[in-house]
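Student: Hi! Could you walk me through this one? I'm not sure where to start.

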Amino acid sequence: MASPRQPGEVELVKYGKVSWPISTFSSPTEVHIQSYSSKESEEGFDSTVITEGPFGFQRAEKGFRIITGKIIPSEPLQVTLFLPPEIENQIQSGKQLYVFVEFLNGSDLEVHDSFMGVDIQKLTKESVLFRLDPEAFSYERNVDSFYEAMIYLATAQKK
Amino acid sequence: MKFFIEFYLLLISSSVLAMANEPNPNCLGKIIGYPLKNPLRILSAFNPHSHFGIDYESNGESIIAVEDGEITKIGWDLRSLANTNNRTGLEYQGWGRYLILRHHNGAESLYAHLEKESVEQLRTGMKVARGETLGKSDSTGAVTGPHLHFEFSPSGSVLLKRNKRDGNQCIERTGTVTLESLTPLHGGDFELSLDGRSLGNTGIGMKKQFPIAITPGRHEITVKLLKTVEGKRGGYSLELSEAFEVVDTQGATVSVGDNQHDLRVGDSKTILIDVFSNNR
């Protein structure tokens, strides 16, 4: 259970972990990290990212979902993900790693929920560390109205 | 003969569009053309946290390439949402028919909500030139009405969040500055500069129109009296087209065309102009 009065961390053994500073959540809530993929999330990636051509982005088979219940974080979370074998192989063959996060991108006239590459803070042979901004969380993606962030690791040819 | 040579050179200089030296630093020097054939009117501006592009008013007008480049994506995006979007009341989301271009200068641009069939002649890998028609605007995808959603990255992939910038600030606006030497018999030869760069001079007692293309924001226009017949004072008037708004050094607006001054030889007068970011 995440408490507003202390920092916290949740780990999914062999997959990754997410941590947050004090006051990230306005009230107590449960935070989950899941290795996850669905028809909707795959379609979301494939229809908003360039996947074809010499510089197309190739996503991992499974993504990650971070759920913060009914409370949206007010501060960025720190996320560490262990690289799945297919991504490790791609990196070893000279490709570059990217972290794609789904963001609500819209105005009063439109709604886009598209995947965007975010900055990598630290990359090792086994894992990647990055910052997950509160804007990545949306309650519109699941029927429970839980705030969730959707992440895919992907690789592409170095330019 | 000398007169004719001088006149010829003046004609050449006035036919070339002059550009400002210091564009918006966010554009990283990548100055682009219009994404639409029609005048630009913003319906919803860029927001670095929630709206990573600009919504321009457009309903069926031609979408045009902002720079030379290559088509890297002809996409279709329309998906349902599990919950209704609060801002729009829409139960689905997506760019509809969209295009991504990679430009030769390293920038990328994205155009969304296009008419589905209007891009059927396009293929990925196809080369396009600045100003070339790509398709037509429409209301495909998750929208409440027709418009163009335009995204711009001056530095690489437009799909990377850190690259996305307010492309509207990088679109050059065109207009004219007309400088007239007021007293034909004893008038002066005036030089016009934009942001410190000379655009040319009028010649004694002459009127000249200077076409300019500059990005939105504040710019400096300077008039300098180079010489007069009598070596004393010379009067001039300055007129700007509607794309520009004149402000004085304190930032207050003054009326366009109300800029009659006289100068001593060697003296100069600088005015500030604001280039509208919302229309031509």
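Tutor: Happy to! One term to begin with: two residues are in contact if their C-beta atoms, placed from the backbone, lie within 7 Å. Also keep in mind that this is a predicted model.

Student: Okay, so what does F100(A) touch?

Tutor: Leaving out residues up to four places away in sequence, F100(A) touches F45(A), V49(A), F115(A), M116(A), G117(A), I151(A), Y152(A) and A154(A).

Student: And which residues have the most contacts inside the largest nonpolar core?

Tutor: Those are V99(A), F100(A), V101(A) and Y111(B), in a core of 70 residues. Its largest share, seven residues, comes from strand β11 of chain A, residues 148-156. There is also a second, separate core of 18 residues, with I214(B) and V223(B) among them.

Student: Why would nonpolar side chains be buried together?

Tutor: That is a general tendency of such side chains in soluble globular proteins.

Student: New topic: how many residues does each chain bring to the contact between A and B?

Tutor: Chain A brings 30 residues and chain B brings 36. On the chain A side, α1 (39-48), β7 (96-107) and β8 (110-118) each supply at least two residues. The largest share there, seven residues, is from β8(A). That side divides into nine nonpolar, eleven polar and ten charged residues.

Student: And what order do the strands of the open sheet follow?

Tutor: In chain A, the five strands run β1-β2-β6-β10-β9, with antiparallel pairing. The edges are β1 (8-12) and β9 (120-123), each pairing on one side only.

Student: How many bridges join β6 and β10?

Tutor: Six, between residues 77-82 and residues 127-132 of chain A. For Q78(A), the bridge partner in β10(A) is R131(A).

Key. Residues numbered from 1 in each chain as written. Chains lettered and ligands numbered in written order. Predicted model: local features only at pLDDT ≥ 70, side-chain atom pairs only at ≥ 80, totals over all residues. Pairing = 2+ DSSP bridges. Helix = DSSP H or I, 4+ residues; strand = E, 2+ residues; numbered from the N terminus. Nonpolar A, V, L, I, M, F, W, Y, C, P; charged D, E, K, R; others polar. Core = buried A, V, L, I, M, F, W, Y, C linked by C-beta atoms within 7 Å. Buried ≥ 20, exposed ≤ 12 C-beta atoms within 10 Å, placed from the backbone.
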